[in-house]
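Let's take a walk through this one, from the open space to the enclosed spaces and then out to a few odd spots in the backbone. Keep the structure open and click along as you read.

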Amino acid sequence: MVDIEHPKKKAAGVPAVLSSFKFGFREMGPTRTGKVFLKMNQDGGFDCPSCAWPDPDHKRKHAAEFCENGAKAVAWEATRKRVPRAFFAEHSIDQLNQISEYELGKLGRITEPMLLRAGATHYEPVGWEEAFQVVARHLKALVDPNDAVFYTSGRTSNEAAFLYQLFVRAYGTNNLPDCSNMCHESSGTALSRVIGSGKGAVTLEMLEEAELIVVVGQNPGTNAPRMLSHLEIAKKRGADIVSVNPLPEPGLMNFKNPQRPSGWVGKGTELADQHLQIRIGGDQALFLAVGHLLLQAEAAAPGTVLDKAFIDSHTSGYEVYAKHNAELDWAAVELATGLRRAEIEEFTQRFIKSKATVICWAMGLTQHREAVATITEIVNVLLLQGNIGKPGAGPCPVRGHSNVQGDRSMGIWEKMPDAFLDRLDKEFAFTAPREHGVDAAATVQRLRDGAVRVFFSMGGNFAMATPDTEVVHKGLRECDLTVQVSTKLNRSHTVTGREALILPTLGRTDHDHTPNGPQSVTVEDSQGAVHLSTGNLTPPAPELKSEIGIVCGLAALVVPEVGQIPWADFADDYSLIRHRIGRVCDGYENFEERLRANEGGFLLAHAARDKREFKTSDAKAQFSANELSWLPTEPGRLLLQTMRSHDQFNTTIYGLQDRYRGVDGTRQVVFVNPDDLKALGLKDGQRVDIVSEFKGVERRAAGYRLVSFPTARGCVAAYYPETNVLMAADDVAKGSNTPVAKGLTVRLEPVT
């Protein structure tokens, strides 16, 4: 049954608590739920496998240090349900492919390796030895190692990620695409160039100390709900908060903190002082305009607006930027942003008043064609007032998956710098390849061209997470072998190569015990803090292997004589891996010693944040001069953004309810401004096909229900991964190669 209601104006509170425990009880039962929730994000416990939001200092941690979506992520993984071998015997690949993503995820944990043999119609159980032999046979048969691609999900631990990239490079390729390519690659590209590090330069404490916090292209109420608690702290300390988003999101309107009594019975905390309902693709124009107004204000009152001492000592390119930005086409800015000049001027006054500003963003910025330019424009505004490397200030990209930042630190990147590869060579006595590999978008293009023979995925759901869904599926089916290292079923298990393997693995919540005793892994959160994660649940099956065990088992067969790499020792003792990480990975020096000496983990150094030192081409923070770019549309055309529902994390669907937006029972909806519906001659509730247009090629998502919703004029929104069929593999962000998922030109065709 489909039910559409008015969107909510408050987030969290009692409904979030009830939803968390209802889902937990359903999947785990009361006793297991209590055991799991009390260990989540706690010292000595396990790290949440969903978002990468950091934990507070161990002295400030709440007994319930988790959010609704984190609770669902853990319950989804720690479910008591199992997928028996009889299920695979009863369901052919074609039948599995007819089961929805949501229903696949509900089936339970996979407990033994499953093999689809060439020409077979069903998966069948196999032992670990045979499973590893199948992978080894295919990889050794390749003439060119670059015909294999090794994908990584952001949930992989530091230790597993380090060994995975070591195995892949020992095999002879840098084909290491990961989910960061599709999410925050634009952040890393932009920040690396202008401040010398691709990581954010803000800690949790700095966020709480800010006088102004701007949240751009991000919905923390759904995608990083624990962030709201820290925004509330900043708000109570007097901070201004501004939301910049085409959609009004209740998490930034009013937050009812379930960790406080007022979150249960009170009115909650109104967070956003101003909401700028920006047109999709208008963010670069907005921050270009803010910079213009700040320069004007400084000219009118010299020495009162800009931090000239910081600019003179720590930056380059200011004069070029100031000259470039002296004139501004305000008509174009208003068209690009959909905002009135008065709104932008009010927004700028908040910058002028603030002595410490943080700007946060997520995929609402990073998945645009001009994402890199937009993020450098944000940095321009921060640099003008010296808002980096001081308390309460800095750029704060909010990454979406629990260890996606740690994976990159460990070497999961198709173009790691030579300095990293040189250290890897020295540490393990072999020569890693220097030729750059393929990222996610290039992998899709190679699949389209039939140029991938083996596709190996360490977690994730590549078949659904990527653009051009039909192209990806066709390319995966043409592979000789596809391998999925997973805890549960998803679409990537049903879209297979000629042969296919499912290698089930321990989850973040599972107890990991090797011949050397209990083991822990580590993760790095989005603000550069590293800490241990220790599972406490009995694994779903006694023969399940950890990701580390799987990598080591494969490497021992595929690359046994490459270098001096003690794969068997690594599989038994994870501290040995951390010692090697400490000698190879930047910032992780003396890794194991620092980890044991610091309760709750430690914070990685960040030169720009800690010392106002910038590891750029000229050792300065660099201003950028960007031409104004935006997304005009023809009559009858709209701009689409893909997004998550509240009952979702990445491609994992927990339920069919988007509580805050008032949708229940379906995901086949498209949110449209009521004035646009009227102008297009459409009606709320009507069925339409969404048709995207890119370089003369049309793509179609069929049978969507129109939902009248207060989004920005000319803009529509729909859920991914279903609408990834509308994205083109060749439509990527300039500079970062991130697939464009925001700002797609579409039309709505009524279903007759």
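What follows is a tour of a predicted model, one region at a time.

Start with the open space. The largest pocket has a volume of about 1,200 Å³. Its lining counts 45 residues, and those closest to the centre are S192, S197, G198, K199 and D586. If you'd rather get your bearings by helices, look for α9 (185-195), α21 (404-409), α22 (418-428) and α30 (607-611), each of which supplies at least two residues of that lining. As for chemistry, the lining of the largest pocket splits into 12 nonpolar, 19 polar and 14 charged residues.

Now for the enclosed spaces. There are 6 cavities of 30 Å³ or more, and the largest cavity holds about 760 Å³ of space. The largest cavity is lined by 43 residues, with H401, G460, N650, T651 and T652 closest to its centre. Elements that each give at least two residues to this lining are α3, α6 (101-106), β17 (481-486) and β27. Which of the elements gives the most to the lining of the largest cavity? That would be α3, with 3 residues. By class, the lining of the largest cavity comes out as 20 nonpolar, 19 polar and 4 charged residues.

T652 is a good residue to stop at, since we've just met it among those closest to the centre of the largest cavity. T652 sits in strand β27, which covers residues 652-653. Is T652 buried or exposed? Its relative accessible area is 19%, and the cut-off for buried is under 20%, so T652 counts as buried. Setting aside neighbours within four places in sequence, T652 is in contact with W76 and D647. You can also pick out M464, which is 188 residues away from T652 in sequence but 10.0 Å away in space, C-alpha to C-alpha.

W76 leads us on to a pair of helices, as W76 in α3 is one of the residues that meet α1. Helix α1 (residues 14-28) and helix α3 (residues 68-77) pack at an angle of about 0°, and their axes are 9 Å apart. Angles under 35 degrees count as roughly parallel, and α1 and α3 are therefore roughly parallel to each other. On the α1 side, the residues that meet α3 are A16, S19, S20, F23, G24, E27 and M28. On the α3 side, they are E68, A71, K72, V74, A75 and W76. Sorted by class, the residues of this contact are 7 nonpolar, 3 polar and 3 charged.

The second largest cavity is next, with about 380 Å³ of space. It has 30 lining residues, of which G217, Q218, N223, M363 and G364 lie nearest the centre. Two or more residues of its lining come from each of α11 (220-223), α19 (363-366) and β25 (638-643). β25 gives the most to the lining of the second largest cavity, with 3 residues. The class split for the second largest cavity is 11 nonpolar, 13 polar and 6 charged.

Two more buried residues are worth a click. L384 is in helix α20 (residues 371-384), and at 0% relative accessibility it counts as buried. Beyond its neighbours within four places in sequence, L384 is in contact with G291, L294, L295, L306, D307, I311, Y318, Y321 and F623. S526 is in the loop between β21 (521-524) and β22 (529-533), and S526 is buried too, with a relative accessible area of 2%. Not counting residues up to four places away in sequence, S526 touches A52, W53, P54, P397, R399 and Q405.

Finally, some backbone details. Most residues other than glycine have a negative phi, and most peptide bonds are trans. Keep that in mind for the next three spots. R612, in the loop between α30 and β24 (621-622), has a positive phi near 55°. K695 isn't a glycine either, but has a positive phi of about 50°. You'll find K695 in the loop between β31 (687-694) and β32 (697-708), where K695 counts as exposed at 72% relative accessibility. Last stop: the peptide bond from Y720 to P721 is cis, with omega near 10°, and P721 is in the loop between β33 (715-719) and β34 (742-750).

Conventions:
Residues numbered from 1 in each chain as written. Predicted model: local features only at pLDDT ≥ 70, side-chain atom pairs only at ≥ 80, totals over all residues. Heavy atoms only, no water. Helix = DSSP H or I, 4+ residues; strand = E, 2+ residues; numbered from the N terminus. Buried < 20%, exposed > 50% of the residue type's maximum accessible area, 1.4 Å probe, protein only. Contact = heavy atoms within 4.5 Å. 1 Å grid on protein atoms, 1.4 Å probe; cavity = no way out; pocket = protein on both sides within 12 Å on 5 of 7 lines; lining within 4 Å. Points joined across faces, edges and corners; volume = space filled by probe spheres on them. Nonpolar A, V, L, I, M, F, W, Y, C, P; charged D, E, K, R; others polar. Axes fitted to C-alpha atoms, helices over the stretch in contact; angles between N-to-C directions. Parallel < 35°, antiparallel > 145°, perpendicular 65-115°, else oblique.
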